[in-house]
Each structure stands twice: as C-alpha cells, then as structure tokens.
Amino acid sequence: MRTFKVMALTLAGVLSVGVVNAQDEVEVSVGADVVTNYLWRGQKLGEGSIQPTLGISYNGLSIGAWGSYGITNPDDTKEFDLTVAYTTGGFNVGITDYFFTDQYDGTKYFKYNAHETAHVFEFNVGYDFGPLSVQWFTNFAGADGYNKDGERAYSSYMELAAPFKLGGLDWSASLGVVPFATSFYSDADGFAVTNLSIKTTKDIKVTDTFSVPVFGQITANPSNGKAYFALGFTLNP
C-alpha cells in the first residue's frame, strides 16, 4: 500500500546485492503488496489489488518502479509509476511519473501531448525529523487537474507523518491536506483536509526463517466525509 510516493522511503522488500566498495553499497529491492483496497492520500482508487515494486539505490540516489493492478475488479485503473529520488540525512527530493491506463481512451504510454497524455509528473521534497516527517508534492506537467478558473492547478498535497510504538507494534499516524483548489483531488474546492490515517504492521511468522508482514490501515477523508479500512500483506523475495 502506497502512503506517499517517495521510492527512497517506501520500497517494500529489500534484497541486497553484495557490491560494496569502501562505504558505498548498491541495493536492489523487489517485492509486492496485496491489499483489500487501494488507498492513496485519503482517496480510494481501487478494490483488491496487487502492487509490485522494484528499485535500485546507490549512495542516496534511487530509481524505482511501482504498479497497481486490480485483482477483484478487472475494471480498476492499471497504474505504472517511475520515481527518481535522492536522500541525504533526513532530506529527500524526487520526481515521479505516474501513468494511468484509463486516463484517456486509446491510452498509449509514449504519448506526452498536452491534454492527451495519461502521464502525470510530480515533484516532491521533504524532511524526516525522526519523530515527525514532512512531505510536499506538486504536479508540474502532464494530465494535472484544473483550478476554479479552468487553468492548470499545479495540484499539491502536503503530509505529516509520525511513527510510534504501541502494544509491541509499529504504528504511523498521518495528516494530509490539499492546500488549494484542484480537480485532481476529489472534493478539494480550496484548502481541504483529505487524509487522516493510522496504520500498523505486524510480522506473521510462517517458519523459523520466513515471515510475512501484515498491515492494517484506517483512513478518513474529512473533505468528502468518507472513511475506509484496508488490510494487506507484503511479499518479499
């Protein structure tokens, strides 16, 4: 399940490749989440889905791919995203190319014409202070939404996330807002609180050497008055 699209922060299942030179290390990550609902920034984008991820990182720089494919409703949007990100200390910055197969009829991947492309390009920047992380995301090209004047909205989203431990489990609480009007985020006619989420993860032991991370998430969207509950598990190689 995707909480926010920063591949340097949220790549599931790390398979390290032993390429070590002095203090440098290359890591390849591969895995997949299986979820009962596809929740993203306070919105439900699909029913039961499988969400594979693949990435490579080196010395703070990462390149990752992420996807979502409906397994209970074949009509759900098929999504394929690519992210380039850089992290140093608590600071991170990145660019994501989102691709949605149902954005326009006759969708083609290598079609980038304005008002016809199914790609959305987003810039993100953030900082992880430890007890609290802050992320800002802005669409800068592609199939962005529109503001009240019918112009490109440069749709943006900001999220605060705080990890904590409770009952022996790892938890994370998130608050997400859309700062100004855009059709890209449903029901955001101006400043809107769109995401109040809490998530926890527990490793379920299968054998002495293999366990499966299982997670649950409750999400409320005060902007549209809806709430969602999702369960999922992560498949690691």
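**Exercise 1. Find out whether Lys-111 is buried, exposed or partly exposed, and which residue its side chain meets in a salt bridge.**

Step 1. In this predicted model, Lys-111 has a relative accessible area of 31%. Buried would need a value under 20% and exposed one over 50%, so Lys-111 counts as partly exposed.

Step 2. Now look for its partner. The side chain of Lys-111 meets that of Glu-116 in a salt bridge, at 3.6 Å from N to O.

Step 3. Check the partner in the same way. Glu-116 has a relative accessible area of 37%, so this residue is partly exposed as well.

Step 4. Keep the general idea in mind: side chains of opposite charge can pair when their charged atoms come close.

**Exercise 2. Say how many salt bridges the whole structure holds, and work out which parts the pair Glu-122 and Arg-41 ties together.**

Step 1. A search of the whole structure gives five salt bridges.

Step 2. One of them joins the side chains of Glu-122 and Arg-41, with 2.9 Å from N to O. Glu-122 belongs to strand β9, while Arg-41 sits in the loop between β3 and β4 (43-46), so the pair ties together parts 81 residues apart in sequence.

Step 3. Consider the surroundings. Both Glu-122 and Arg-41 are buried.

Step 4. For another pair, turn to Asp-144 and Arg-152, whose side chains meet in a salt bridge at 3.9 Å from N to O. Asp-144 has 9% relative accessibility and therefore counts as buried. Arg-152, at 31%, counts as partly exposed.

**Exercise 3. Describe the make-up of the protein chain: how many helices and strands does it have, and what share of its residues is buried?**

Step 1. Start with the secondary structure. The chain has zero helices and 15 strands.

Step 2. Next comes burial. Of the 237 residues, 40% count as buried.

Step 3. Add the surface. About 12,200 Å² of the chain is exposed, and carbon and sulfur atoms supply 61% of that area.

Step 4. Finish with the contacts. Among those with a separation of 6 or more, 43% are between residues 24 or more positions apart. As an example of parts meeting across the sequence, take Ala-118 and Gly-142: they are 24 residues apart in sequence, with their C-alpha atoms 7.3 Å apart in space. Ala-118 lies in the loop between β8 and β9 (119-128), and its relative accessible area of 2% means that this residue is buried.

**Exercise 4. Trace the strands that pair with β6, and say in which sense they run.**

Step 1. Locate β6 at residues 61-70, where seven of the 10 residues are buried.

Step 2. On one hand, β6 pairs with β5 (residues 49-58) in the antiparallel sense over eight bridges. Here Ile-50 stands opposite Tyr-69.

Step 3. Look at the turn. β5 and β6 form a hairpin with two residues between them, and Asn-59 in that turn has a positive phi of about 55°.

Step 4. On the other hand, β6 is joined to β7 (residues 79-88) by eight bridges, again antiparallel. Trp-66 stands opposite Asp-81 in β7.

**Exercise 5. Do the same for β11: which strands pair with it?**

Step 1. β10 (residues 133-142) pairs with β11 antiparallel over six bridges. Gln-135 has Glu-159 of β11 as its bridge partner.

Step 2. β11 also runs antiparallel to β12 (residues 169-178), with nine bridges between them. Ala-162 stands opposite Ala-173 in β12.

Step 3. The hairpin of β11 and β12 has two residues between the strands, and Gly-167 takes a positive phi near 60° there.

**Exercise 6. Contrast nonpolar residues inside with those on the surface: which form the core, and which form the patch?**

Step 1. The largest nonpolar core has 13 residues; among those touching the most other members are Trp-40, Tyr-98 and Tyr-157. β3 (38-40) and β8 (91-100) each give two or more residues to this core.

Step 2. Follow Tyr-157 outward. Its contacts include Arg-41, Trp-136, Val-178 and Tyr-185.

Step 3. Turn to the surface. Phe-164, Leu-166, Ile-198, Ile-218, Phe-229 and Leu-231 form a nonpolar patch with about 530 Å² of accessible area together. β11 and β15 (226-235) each supply at least two of its residues.

Step 4. Test one member. Ile-218, in strand β14 (residues 211-221), has 48% relative accessibility and so counts as partly exposed.

Key:
Residues numbered from 1 in each chain as written. Predicted model: local features only at pLDDT ≥ 70, side-chain atom pairs only at ≥ 80, totals over all residues. Heavy atoms only, no water. Helix = DSSP H or I, 4+ residues; strand = E, 2+ residues; numbered from the N terminus. Buried < 20%, exposed > 50% of the residue type's maximum accessible area, 1.4 Å probe, protein only. Contact = heavy atoms within 4.5 Å. Areas by Shrake-Rupley, 256 points an atom, 1.4 Å probe, with all protein chains shown as cover. Pairing = 2+ DSSP bridges. Core = buried A, V, L, I, M, F, W, Y, C linked by side-chain atoms within 4.5 Å. Patch = residues over 30% accessible without salt bridge, like charges linked within 9 Å, V, L, I, M, F, W, Y side chains within 5 Å. Salt bridge = Lys/Arg side-chain N within 4 Å of Asp/Glu carboxyl O. Lists of a residue's contacts leave out its neighbours within four places in sequence.
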